Amino acid sequence: MTRRTIDLPETFHLNFDYTVVYSDINASSHLAADRIMPITLEAQFKFIKSLGYTDATVFEDAGLIMVHSETQYMSESFHDDELSVDMAIETLEGKQMVFGFLIKNKRTGKETARLRSTLLFFDYETQKVINAPENFTKKVNETYGTQF
């Protein structure tokens, strides 16, 4: 099997620290693979809130649904390790938004994981995928200095 590499942009738009807690640990005593996605979902929540929205589920009459994600695991992290989580908005066009994530272990200086997720804007009332709301794109551009 060919190992897939996730290339990330040079610029990230959001950063926060995360402490590995006991419930993140698996039977091998390190950060479990299935805990990486919830850490990135927390970054996504912080991103939405940074735009001034109080509800990260539905805003501007749209919600976000994840349609694809991929993770590249790089190294172990352990209980009480401090992780630095960087998030980049890679694409915001049409009906989709793509996030790239880099998680680094602050104790070791090593990359823990890279992740990319693709989300679609969704109207829960009509049950249809919709274009990104104009006001949302405007807020992203104003807040993060992007040109989407």
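Which exposed residues does the face of H2 turned away from its buried side carry? In this predicted model, that face holds Glu-134 and Glu-142.

The opposite character is found in Phe-136, Thr-137, Val-140, Asn-141 and Tyr-144, which are buried in H2. These residues lie on the same side of H2 because they cover an arc of only 135° around the axis. An α-helix has 3.6 residues a turn, so residues three or four places apart point the same way. The cover over the buried residues of H2 includes S1, H1, strand S2 (58-59), S4, S5 and S6. Just after H2, Gly-145 adopts a positive phi of about 65°.

The largest nonpolar core comprises 34 residues, and those with the most contacts inside it are Phe-47, Ile-89, Met-97, Phe-121 and Phe-136. Two or more residues each come from strand S1 (14-19), helix H1 (36-50), strand S3 (62-73), strand S4 (82-93), strand S5 (96-105), strand S6 (111-123) and helix H2 (134-144). H1 gives the largest share, six residues. Leaving aside neighbours within four places in sequence, the contacts of Met-97 include Phe-47, Ile-89, Phe-121 and Phe-136.

As a whole, the protein has two helices and seven strands, in the sequence pattern β-α-β-β-β-β-β-β-α. A compact globule of 148 residues would have a radius of gyration near 15 Å, and the 16 Å of the protein agrees with this. Further global values follow.

| Property of the protein | Value |
|---|---|
| Span of the C-alpha trace along the principal axes | about 45 × 35 × 30 Å |
| Buried share of the 148 residues | 45% |
| Exposed area | about 8200 Å² |
| Share of exposed area from carbon and sulfur atoms | 47% |

Among contacts between residues at least 6 apart in sequence, 68% join residues at least 24 apart.

Terms used:
Residues are numbered from 1 along each chain as its sequence is written. This is a predicted model: local features need pLDDT of at least 70, side-chain atom pairs count only at pLDDT 80 or more; totals for chains, interfaces and linings use all residues. Side-chain values use heavy atoms; hydrogens and water are left out. A nonpolar core is a set of buried Ala, Val, Leu, Ile, Met, Phe, Trp, Tyr and Cys residues joined through side-chain atoms within 4.5 Å. Buried means under 20% relative accessible area, exposed over 50%, partly exposed in between (1.4 Å probe, protein chains only). Helices (H or I, at least four residues) and strands (E, at least two) are DSSP runs, numbered from the N terminus. Contact means heavy atoms within 4.5 Å. The arc is that of the directions from the helix axis to the C-beta atoms. The radius of gyration is taken over C-alpha atoms; the globule rule is 2.2 Å times the number of residues to the power 0.38. Accessible areas come from the Shrake-Rupley method with a 1.4 Å probe; for residues, only the protein chains shown count as cover.
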